Amino acid sequence: MMSARRLRLLVFSVQKCLSRLADKCRAVVIKSSSGKSSTETQQEHEESYLPEESGLAQLRKVYFETYGCQMNVNDTEIAWSILQKGGYVRTHELSEADVVLLVTCSIREKAEQTIWNRLKHPAVLKKKCLKSSTPLKIGVLGCMAERLKTELLEKERVVDVVAGPDAYRDLLRLLALAHGGQRTSNVLLSLEEAYADVMPIHHSGHSAFV
């Protein structure tokens, strides 16, 4: 029988999915009726989230891996839209990345084990880059980040950034702190967080559905 805690997580995840689907519909209506571009709206809403060091991001490449359902794919597109605005460049090659971000699912135990196993590969690359001018940074986003923040930050001390589904606007700040040597997280829950003003960037990349 499903535990009460996992049941609450499942119910919360369903609420979030419905909320984000509604956000996407509102984004289409806003764009067609207001005459104001989504880029302008995004800049106004996100200005306070940009760290002063964001210009340094223009030299950095980010690599995404997406696990889970279609909603996680949409989360990846939102996160990438925010990072691109901050000057990041996306790469298809893990070996070229300065930042590796895994967008995760936490509904099934097997999904979480897949992430733990997958983290071993970038962890090896990270150890090789420790003495470089831009050491590799690893981040875990999404539901697993929300549920297992402490374990992700402490286990083998591989992960540098942990961000829940409600914290993608904070990614630029979190990554700026990580590049400064800190290990950071933001997994605050909020049913009010919306990304209707962020235009997702569709991209065919690495993904795994579980």
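# Exercises on burial, pairing and packing

Glu112 has a relative accessible area of 6% and is buried. The exercises below start from this residue and move on to other parts of the chain. The model is predicted.

## Exercise 1: the partner of Glu112

Find which side chain meets Glu112 in a salt bridge, and state where the two residues lie.

Step 1. The partner is Arg147, and the N to O distance is 2.8 Å.

Step 2. Glu112 belongs to helix H4 (residues 109–118) and Arg147 to helix H6 (residues 143–147). The two residues are 35 apart, and the pair links distant parts of the chain.

Step 3. Compare the accessibility of the partners. Glu112 is buried, at 6%. Arg147 has a relative accessible area of 25% and is partly exposed. The cut-off for buried is under 20%, so 25% falls outside it.

Step 4. A general point stands behind the pairing: side chains of opposite charge can pair when their charged atoms come close.

## Exercise 2: two more salt bridges

How many salt bridges does the model contain? Describe the one between Asp160 and Lys126, then the one between Arg173 and Asp170.

Step 1. The count comes to 6 salt bridges.

Step 2. In the pair of Asp160 and Lys126, the closest N and O atoms are 2.8 Å apart. Asp160 sits in the loop between helix H7 (149–154) and strand S5, while Lys126 sits in helix H5 (residues 120–128), so the bridge ties together parts that are 34 residues apart in sequence. Both residues are buried.

Step 3. In the pair of Arg173 and Asp170, the N to O distance is 2.7 Å. Asp170 counts as buried, with 7% relative accessibility. Arg173 is partly exposed, with a relative accessible area of 35%.

Step 4. Place Arg173 in the fold. The residue lies in helix H8. Its C-alpha is 9.9 Å from that of Gly86, although the two residues are 87 apart in sequence.

## Exercise 3: the buried face of H8

Work out which residues of helix H8 are buried, how they are arranged around the axis, and what they pack against.

Step 1. H8 covers residues 171–179, and its buried residues are Leu171, Leu172, Leu174, Leu175 and Ala178.

Step 2. Viewed down the helix axis, these buried residues fall within an arc of 165 degrees, so they line one face of H8.

Step 3. The general geometry of a helix helps here: an α-helix has 3.6 residues a turn, so residues three or four places apart point the same way.

Step 4. List the neighbours. The buried residues of H8 pack against helix H3 (70–85) and against strands S3 (99–104), S4 (137–142), S5 (161–163) and S6 (184–186).

Step 5. Look past the end of the helix. Just after H8, Gly181 has a positive phi of about 105 degrees.

## Exercise 4: two helix pairs

Classify the crossing of H3 with H8 and that of H4 with H5, and name the residues in contact.

Step 1. The axes of H3 and H8 come within 9 Å and cross at roughly 65 degrees. This makes H3 roughly perpendicular to H8.

Step 2. H3 contributes Ala79, Ile82 and Leu83 to the contact, and H8 contributes Leu171, Leu172 and Leu175.

Step 3. The axes of H4 and H5 come within 5 Å and cross at roughly 25 degrees. Angles under 35 degrees count as roughly parallel, and H4 is accordingly roughly parallel to H5.

Step 4. On the H4 side the contact residues are Trp116, Asn117 and Arg118; on the H5 side they are Lys120, His121 and Pro122.

## Exercise 5: strand S4 and its partners

Is S4 mostly covered or uncovered, and how is this strand joined to S3 and S5?

Step 1. S4 is mostly covered, with 6 of its 6 residues buried.

Step 2. S3 and S4 run parallel and are joined by 6 bridges. Within this pairing, Thr104 has Gly142 of S4 as its bridge partner.

Step 3. S4 and S5 also run parallel, joined by 3 bridges. Here Val140 stands opposite Val162 in S5.

## Exercise 6: the whole protein

Give the number of helices and strands, the buried share, and the share of long-range contacts.

Step 1. There are 8 helices and 7 strands.

Step 2. Of the 210 residues, 48% are buried.

Step 3. Take the contacts between residues at least 6 apart in sequence: 72% of them join residues at least 24 apart.

How values were computed: Residues numbered from 1 in each chain as written. Predicted model: local features only at pLDDT ≥ 70, side-chain atom pairs only at ≥ 80, totals over all residues. Heavy atoms only, no water. Buried < 20%, exposed > 50% of the residue type's maximum accessible area, 1.4 Å probe, protein only. Helix = DSSP H or I, 4+ residues; strand = E, 2+ residues; numbered from the N terminus. Arc of directions from axis to C-beta. Contact = heavy atoms within 4.5 Å. Salt bridge = Lys/Arg side-chain N within 4 Å of Asp/Glu carboxyl O. Pairing = 2+ DSSP bridges. Axes fitted to C-alpha atoms, helices over the stretch in contact; angles between N-to-C directions. Parallel < 35°, antiparallel > 145°, perpendicular 65-115°, else oblique.
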